[in-house]
Amino acid sequence: MTQSNRLSGGQIDRNTTLKFTFDGKTYDGHPGDTLASALLANNVRLMGRSFKYHRPRGPLTAGSEEPNAIVELRSGDRQEPNTRATTAELYDGLVAKSQNRWPSLAFDAMAINDRFSNFLTAGFYYKTFMWPAAFWEKVYEPIIRKAAGLGSLSMQADPDAYDKGFRHCELLIVGAGPAGLMAALTAGRAGRDVILADEDFAMGGQLNSETFALNDAPALDWTTATVAELSSLPNVRLMPRTTVIGAFDHGIYGAVERISDHLETPPEGKPRQILWRIYTQKTLLCAGATERSIAFENNDRPGIMLASAIRTYANRWAATPAQRVTIFTNNDDGHRTAADLHAKHVNIAAVVDTRADAPFSSDYEVIKGAQVVDTKGRLGLTFAELRLANGESRTVECGALGVSGGWNPNVHLTCHQRGRPTWNEDLAAFVPGADLPPGMTVAGAADGTFSTHGALTSGANAAARILDIKPSDAPTTEDAAVRQTPFWFVEGCSRAWLDQQNDVTVKDVKLSHQEGFRSVEHLKRYTTLGMATDQGKTSNMGGLAIMAELVGKSIPEVGTTIFRPPYTPTAIGVLGGRMRGMDFHPTRLTPSHFWAKERGAVFVEVGNWLRAQWFPIAGETNWRASVDREVRATRNSVGVCDCTTLGKIDVQGTDAALFLNKVYCNGFAKLAVGKTRYGLMLREDGIAMDDGTAGRLAEDHFVVTTTTANAGKVYQHMEFVRQCLMPDADVQLISTTEAWAQYAVAGPNSRKLLQKIVDPAFDISNDGFPFMACGNITVCGGLRARLFRISFSGELAFEIAVPSRYGDALIRKLMAQGEEFDVTPYGTEALGVMRIEKGHAAGNELNGTTTALNLGMGRMVSKAKDSIGSKLSERAGLNEDGALAQVGIKPVNAADKITAGGHLMAATGPVDAKHDQGYVTSAAFSPSLDHMIGLGFLKDGGSRLGETMRLVSPVTDLTVEVEIVSAHFVDPEGERVRA
Amino acid sequence: MIINHPLLGPRDSAEFIYMGDAGLINRPDPETASGEEWYAYAYLRDNPAGEHRELWWHEGGDRSWLVVTRNTVTHEISKVEIARDVARAQGRSK
């Protein structure tokens, strides 16, 4: 293919040709090109369709502020919608597709919307799709979603990796244009720790777009030498392809580095992008400025661009959107574009200057005091219509129109902590305000210093001032004074685009004003001005200006909307980094995990833990069969369960007992050494928080256990009580959850099994080691261990703990030694069934709404001492007659089902919230009783045993007759645990 | 945000867990406090737009509870104290 619009010069490598395709057609480009510059060089102006009216669109800009030229980049699982062609670096084999068009870019059926534009004005959706309400989800929304919208997702998993990283520096410089480079040079030469970040792949900023000489040589020479010098300094880190997306608290900046976006696929082992968290003492913002447009009728045709963008394409990329170009300007900068294009032999049709005193040129016609009022050209610009100073009309033939309405400093990052920009009358633009993020300074065009020499020296001086060093000398170059007079829109225009990405016109702004939306924040939301992915970088000012005129206020009086991070669109993937799939949170494995895996256990996530849920054996076809077997085997002989995940907190110190007396509602001061006690913790408001056991290993040493779910929370709470409420208590805490592998060994044969493992020096007979005993022992010939005679299953049971690294060996030992008893490993399901059979409360019952009284443990709350929650648990409201009390539930008809979540209603009478008597918290099939059982809370439950009620679950459409029974279904006298 | 830990120096706020109003240190005296005082302690919190003394727990560090004086509007942190010292200064003991 010929690159018919390729000019001479530019920062492209003509020795290498890159092939790429756009909408299936193959083109040539060169290294250094962007997708947009390469397409323009190939005489392609039409690159997309607009959001609402499906108007043909080409690039407006040459940078990240681009509203129009957004494409789907790559294919397959790497397809990425809404990529700006103006920043996508060209690589060999690049594949891009236009979006939001059907069947093709040149003929888009939905362009019919443009004909109906009178109906599709601001607030169209609000007004049209209100009635009937039921139509919204089923009819309107799917149609609108299909018609509007931007690119499409691949609907496949992203194959690339994203990373997060942390960097620190003394001075972060944002933007490597003339100001940023001079600042980096100043700080770098002084040996200071600097990061210089720029979103572009080539550093230099606006210098790359200009033809000025620096020190009487091409600007590129100076830029190249400067970047080379900075690269050589060990204290300077250059971060090209890195967008600083947000200024956060206390000198923390977010930055996205595109590591591999300029390659077809990321190199082996490299991420696609990295989200950097940059910690800096000082920041110098050198973000430059964005040119602003002028609104006139049909100002959105492909070929109509910002004048500076046309200049950038010509100078940096040696590409022009057309061979015949008109410039429409209200300032001298537009003339620079004309001069540069002329120098590259592009035909300048005319420079249309709104000013009567516009400068003269001998190279091309300057039409003074004139305006572009309309344009023609279906898929691209063909004619511009002018209104001359004398009121006459004139038509100019051209394929591109460069529009220059002056420049707006890029103040975005200065506003990320609610700072507001201030209006500068001389520049007719907003400049950074006084309330910058702490530590931030602004230099160069971002601060309203628009001349090249001004930017260079302002960068050097700012860095020198910040770091108290000497500024480096700036090269000599142009230093033209810049004056900007406001000119926002052409008189009488209506379908003149302000926000090209969201299709917001001057007419829409007027309409919204007419309908009463007069605050800028309302204007923005009603018209969607500035709400597209470009966040209105090229459109907000125009909208404000028109609003100001309509309400008869000045622009500063109207004010701006708030700028928020991120500065440019940021992929969700890079915010997530490596935290996706199984890496979303850490996975904690129990000491018996690998052994359980060998046994074919089914695992369940419990918080971050993976726990064995049940252990299927050959012939078992469903989980219930496995769970029932595990329960029966444990109750009949012996079962083993890994209970390492329960929180363990070591409590030591002379005040340890005093401390436990404070955190547990029941007493611990008198607990004898070598004994364990059940403990209930309350929140300060009297609601139950967690339960567990505390074993006293010595006068000044307790081992506390918590539930698996609350291990972290309880530890935090205990540290709060220790440090903030009992600061002088001699007590130390440490979490030892990971330090000990702990197994429950339960069932009538549990002692016999353990006697084969516990060293003979330790008597674990019923007399020597009775129910609730605990102690330090040794096992397997000298290995230190802890033994607790506690039972969650209701059987004769022990919990044995060994240092974690012996956990795997111990489970294997228990299994081998237990063969003669048919020892059976059991998982969390069987554990749950057995605790329901015993009526033990767990998370379902300790659900953040229940008190000790509700749980049947009201008398445990000691009145003899103060503990957390004891006072407020005495509140009348928590102790009224009819308080909920924990009960057991069984079906009257043994075959009936019981489900947790169902509510208890009287046997007859209405079923509604008013007649609600209580609810079921836990339910399970009891292999011991051969029917389902449940636990729940019932008003006055303690006095209603034997009552028949209805269990109702409207959600599952269940109504079952149930009997209220004691919650202790198995061994209610507790004989087995003491056996 | 960065919290300047009195013992460990500047630390990222991501290492901490936030627990709100530092008034939680002022637990009423169980011997003398009225029901109203307990109610206020358990349920009432100030939510000022401006300076706020609040509790942060250094979960990802030394497990200290800190009292951080932070401006809720600007996020400026003007003071960081060890909560234990604050509690002692307020007369708490065991």
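**Two helices and a small sheet in chain A**

Okay, let's start with who touches whom: on one side, A:Trp623, A:Val627, A:Glu630, A:Val631, A:Thr634 and A:Arg635 of helix H16(A), and on the other, A:Glu829, A:Ala830, A:Val833, A:Met834, A:Glu837 and A:Lys838 of helix H21(A). If you sort the residues of that contact by type, you get 6 nonpolar, 1 polar and 5 charged. Quick reminder before I go on: this is a predicted model.

So how do the two helices sit against each other? In general, you describe a packed pair by the angle between the axes and the distance between them. Here, H16 covers residues 623–636 and H21 covers residues 828–838, both in chain A. Their axes come within 9 Å and cross at roughly 60°. That's why we call H16(A) and H21(A) oblique to each other. And the hand of the crossing, as H16(A) passes H21(A), is right-handed.

Now let's move to the sheet. In general, strands of a sheet pair through backbone hydrogen bonds, parallel or antiparallel. Ours is an open sheet in chain A with 3 strands, ordered S21-S22-S23, and the pairing is antiparallel. Which strands are at the edges? Those are S21 (371–376) and S23 (393–397) of chain A, each pairing on one side only. Going from one strand to the next, the twist averages 30°.

Let's look at one pairing in detail. S22 of chain A spans residues 383–387, and 5 bridges join S21(A) to S22(A), running antiparallel. If you want a spot to click on, try A:Gln371: its bridge partner in S22(A) is A:Arg387.

Methods:
Residues numbered from 1 in each chain as written. Chains lettered and ligands numbered in written order. Predicted model: local features only at pLDDT ≥ 70, side-chain atom pairs only at ≥ 80, totals over all residues. Heavy atoms only, no water. Axes fitted to C-alpha atoms, helices over the stretch in contact; angles between N-to-C directions. Helix = DSSP H or I, 4+ residues; strand = E, 2+ residues; numbered from the N terminus. Parallel < 35°, antiparallel > 145°, perpendicular 65-115°, else oblique. Left-handed = near helix turned anticlockwise from the far one by under 90°. Contact = heavy atoms within 4.5 Å. Nonpolar A, V, L, I, M, F, W, Y, C, P; charged D, E, K, R; others polar. Pairing = 2+ DSSP bridges.
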